[in-house]
Amino acid sequence: MKNKLGCIALLFLFSVTVFAQTEFTTVSVPHIDTPYNSSDAVNSLTEHFSMGTTYTNNFFLPQVGLARLKIVYPAKQITTSLSTSFYGYSEYYRIRGALGFSHYFRPYIAIGLEGFFSGFKFSGGTRFKATGGLNVSLLAFPTKKLVLGFLVENTSFSFIRANGIKYRLPTIFYLGFSYCFTQNIILAVEGAKDLTNPFLIRLDFEYRPIRQFILKCGISYQTSASANFGFGLRLKKFILDATVKYNVRVSWGCQVGIGVQLSENKHKSEKHTY
């Protein structure tokens, strides 16, 4: 166990020092199988201790990557999660830490609360600035195949001041659902609204021909239309996630994530939702 923890720590430190970060897509429903999920309510469905680190990059540029470490510890009453991430390089970076608590009220409701800390350095000549806030998430299971998800990021409307300018962290509302046509085919639809940005709508499909492999595709629209397709692969403890994207304004792009997961996340809700 000590050797495994040491390997995880070394991989995370390597990711932080060599790479940087990009924003990742938040999915408020539990089935979309990526290691970047931000809904803390999802953690309440985990049956076993989980610790993993991931690194994700758009376009393979050192300035646009995400290094993240996450720990989930399920107990009888409350599931606790701890996560940290790093964005940037010496002149500009962002550090984020979060502590979450969640509970699954069998068989219909899961609730999560997550307090976060965000620190920023905007340039070499500016001081480090920090703030904190609260995220709230909810999952509902009305039928065996349908899951509803709700997430609010930054309910505290937190902000920071730098160089005489007030920077407000985005407050985003997510509402979505996933539907399991079969155990191997999942549809997810999600809408997101930032208080200062246009409405975003997403539609995603996942197909899992075997347990270790997922094919996925989707479309989204905010100010312009986008499409994506890719795959996810898990070989024992190692995770690989790759997506190719096309936006009618930006043209082609890609995103690749790698990670290590100490244990498989078995969901308490599987018997109910499938």
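Author: A residue is called buried when its relative accessible area is under 20%, exposed when over 50%, and partly exposed in between, using a 1.4 Å probe and protein chains only. This is a predicted model, where local features need pLDDT of at least 70, side-chain atom pairs count only at pLDDT 80 or more, and totals for chains, interfaces and linings use all residues. Residues are numbered from 1 along each chain as its sequence is written, and side-chain values use heavy atoms, with hydrogens and water left out.

Reader: Thanks! Is threonine 53 buried or exposed?

Author: Let's place threonine 53 first: it is found in strand S1 (residues 50-58). Strands (E, at least two residues) and helices (H or I, at least four) are DSSP runs, numbered from the N terminus. Because its relative accessibility is 1%, threonine 53 counts as buried.

Reader: Which backbone oxygen does the side chain of threonine 53 reach?

Author: The distance here is 3.0 Å, from the side chain of threonine 53. The partner is the backbone oxygen of arginine 68.

Reader: How many salt bridges does the count come to?

Author: A salt bridge needs a side-chain nitrogen of Lys or Arg within 4 Å of a carboxyl oxygen of Asp or Glu. By this rule, the count comes to 3.

Reader: Which residue forms a salt bridge with aspartate 241?

Author: The closest N and O atoms of this pair are 2.6 Å apart. Aspartate 241 lies in strand S15 (residues 238-247) and its partner in strand S13 (residues 213-221), so the pair ties together parts that are 25 residues apart in sequence. Aspartate 241 counts as buried because its relative accessibility is 3%, and the partner is buried too, with a relative accessible area of 15%. That partner is lysine 216.

Reader: What residue meets arginine 96 in a salt bridge?

Author: The N to O distance is 3.5 Å. Arginine 96 sits in strand S4 (residues 93-105), while its partner sits in strand S5 (residues 109-121), 18 residues apart. The partner counts as buried, because its relative accessibility is 6%. Its name is glutamate 114.

Reader: And which residue forms a salt bridge with arginine 202?

Author: In this pair the closest N and O atoms are 2.8 Å apart. Both residues are buried. The partner of arginine 202 is aspartate 204.

Reader: Finally, what percentage of the residues in the protein chain is buried?

Author: The protein chain has 2 helices and 16 strands. It holds 274 residues, and the buried ones make up 45%.

Technical notes: A polar contact is a pair of N or O atoms within 3.5 Å; within protein, one must be able to donate a hydrogen and the other to accept it, and residues adjacent in sequence count only if both atoms are side-chain atoms.
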